[in-house]
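Here is a set of questions and answers for a first-year student who wants to see how a label follows from a value. Please look at the model first and then read on.

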Amino acid sequence: MRIGPEPTTDSFIAVMYGDTEGNVPGNALVVDPKKPFRKLSRFGNAFLNRFMCSQLPNQVLKSISIIDSPGILSGEKQRISRGYDFCQVLQWFAERVDRIILLFDAHKLDISDEFSEAIKSFRGQDDKIRVVLNKADQVDTQQLMRVYGALMWSLGKVIDTPEVLRVYIGSFWAHPLRNTENRRLFEAEAQDLFKDIQSLPQKAAVRKLNDLIKRARLAKVHAYIISYLKKEMPSVFGKENKKKELINRLPEIYIQLQREYHISAGDFPEVKKMQELLENCDFTKFHSLKPKLIEAVDNMLANKIASLMNLIRQEESNMPTEMVHGGAFDGTMAGPFGHGYGEGAKEGADEDEWVVAKDKPAYDEIFYTLSPINGKISGISAKKEMVTSKLPNSVLGKIWKLADCDGDGMLDDEEFALAKHLIKIKLDGYELPGTLPSHLVPPSHRKPFQTAE
């Protein structure tokens with residue numbers, strides 16, 4: 001598809017795997033039993049004419065499918081002219097997807113009325129939302145800092161939650177970066193985003209179970225509301241007046257049901273929306289409360305879900321980890337262009353010479369001032385030098401464990417040089433490895449290669 005600075009997409013496009021490349025129009029999609037879009041037919045032809053599926057024989061799409069929404073418009077007129085309820089469609093998709101990615105441009109941050117409404121339609125799906133601040137290479141570091149602050153402030157006005165959303169900053173295209181000041185930041189952020197997306201297939205079963213629990217709780221609350229309204233209706237006269245009174249009293253009814261059945265306020269549907277839906281309903285046709293069904297739901301939530309979770313965990317442990325492969329997901333880890341390659345603890349991984357050797361003369365000078373006995377210094381002597389780095393004891397303890405290769409509680413000159421190198425890695429802002437990589441093991445502590453006879 002063509003991408004441009006102006007709004008170039010006016011359709012919802014489902015990008016999915018297919019053995020042959022091709023497009024399927026919306027009306028054909030919703031009658032296809034193999035596709036999960038049948039329920040979208042309720043949004044009518046105006047929407048279906050703006051919905052299509054692009055199928056590609058791409059390895060990435062074997063693990064994930066992508067729904068690309070139309071470009072967001074500004075102003076009231078454009079929103080009305082779509083001919084279908086844009087926010088309702090977004091809400092339908094939001095309830096069924098694993099991840100929602102909101103894209104912002106670093107040089108165009110305004111959140112239009114429609115974008116604001118679109119974000120509000122994701123209410124209740126906050127855990128799925130991730131934000132991408134794209135085209136960040138078009139501004140310098142100082143401007144980027146201000147842009148990030150402005151974005152967080154704007155999002156805070158729209159998303160009414162005290163939690164801060166995760167924002168990934170980068171430049172997601174295949175052209176040269178216009179401003180390379182923050183290259184390392186962009187690479188780290190892209191890796192984090194790719195890892196987040198790669199793990200989606202692995203978490204899909206747990207997410208579906210989570211949605212099942214959510215729907216069960218909502219269905220239970222819905223049953224309490226509907227049965228209450230049915231119970232309050234008169235048997236013969238004044239039905240219409242009583243219906244209006246009950247709709248107006250809905251906030252009070254919510255509070256009453258919360259107290260009576262010990263239900264959290266967060267499990268109730270939005271009052272205004274519920275009032276609008278109830279206007280077109282005949283309360284006399286509602287069903288009375290069936291305690292056995294409520295008991296069945298409670299039993300499922302209390303007992304069955306726990307056993308289902310155990311089954312999912314067992315399946316995950318017995319099966320290989322599902323990850324997204326192909327495309328950019330493979331390219332980001334290729335050779336020396338993988339994240340962190342040649343930096344921190346990974347420095348010197350592809351060199352023949354021990355990476356610590358270049359700084360060892362300076363470390364040796366310090367080592368011999370610590371009065372070594374038989375070529376080794378005690379832990380007390382090493383501690384006096386290591387604490388000068390001002391790193392906390394928890395970190396220094398980890399460095400000691402990595403550096404003391406033979407575990408004798410003392411350090412020789414090579415082990416001491418390794419300890420100083422690891423301190424330098426940590427002070428430079430890199431993470432320490434969990435176990436000592438083979439290229440960092442001091443030469444005198446490396447096991448000789450054994451040749452088979």
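**From values to labels**

Glu 415 is found in helix H17, which spans residues 413-427. The model is a predicted one, in which local features need pLDDT of at least 70 and side-chain atom pairs count only at pLDDT 80 or more, while totals for chains, interfaces and linings use all residues. Residues are numbered from 1 along each chain as its sequence is written, and side-chain values use heavy atoms, with hydrogens and water left out.

Q: Why is Glu 415 called buried or exposed, whichever applies?
A: Buried means under 20% relative accessible area, exposed means over 50%, and partly exposed is in between, with a 1.4 Å probe and protein chains only. Glu 415 has a relative accessibility of 0%, and therefore it counts as buried.

Q: What makes H17 a helix in this numbering?
A: Helices are DSSP runs of H or I with at least four residues, strands are runs of E with at least two, and both are numbered from the N terminus. Helix H17 covers residues 413-427.

Q: How do you know which label, buried, partly exposed or exposed, fits Ser 371?
A: Ser 371 has a relative accessibility of 56%, so it counts as exposed. Ser 371 lies in the loop between helix H14 (360-369) and strand E8 (376-378).

Q: What makes the phi of Ser 371 worth a remark?
A: Phi of Ser 371 is near 55°, a positive value in a residue other than glycine. Most residues other than glycine have a negative phi. Lys 390 also has a positive phi, near 70°, and it is found in the loop between helix H15 (379-386) and helix H16 (393-403). At 77% relative accessibility, Lys 390 counts as exposed.

Q: Why is the contact between Lys 220 and Asp 298 called a salt bridge?
A: A salt bridge is a side-chain nitrogen of Lys or Arg within 4 Å of a carboxyl oxygen of Asp or Glu. The N to O distance between Lys 220 and Asp 298 is 2.6 Å, so the pair meets the definition. Lys 220 lies in helix H8 and Asp 298 in helix H12 (residues 291-318), so the pair ties together parts that are 78 residues apart in sequence. Asp 298 is partly exposed, with a relative accessible area of 31%.

Q: What links Lys 242, Glu 245, Arg 249 and Glu 252?
A: These four residues are linked in a network of salt bridges. Within the network, the closest N and O atoms of Glu 245 and Arg 249 are 3.8 Å apart, and the side chains of Arg 249 and Glu 252 meet at 3.7 Å, N to O. Glu 245 counts as partly exposed at 37% relative accessibility, and so does Glu 252 at 49%.

Q: How many salt bridges does a search of the whole structure find?
A: The search finds 23 salt bridges.

Q: What does the UniProt record list for residues 359-447?
A: An unreviewed UniProt entry lists "domain: EH" for residues 359-447, with positions given in the numbering used here, feature names shortened, and annotations that may be inferred rather than shown by experiment. Over these residues the chain is 49% helix and 7% strand, and the end C-alpha atoms are 23 Å apart.
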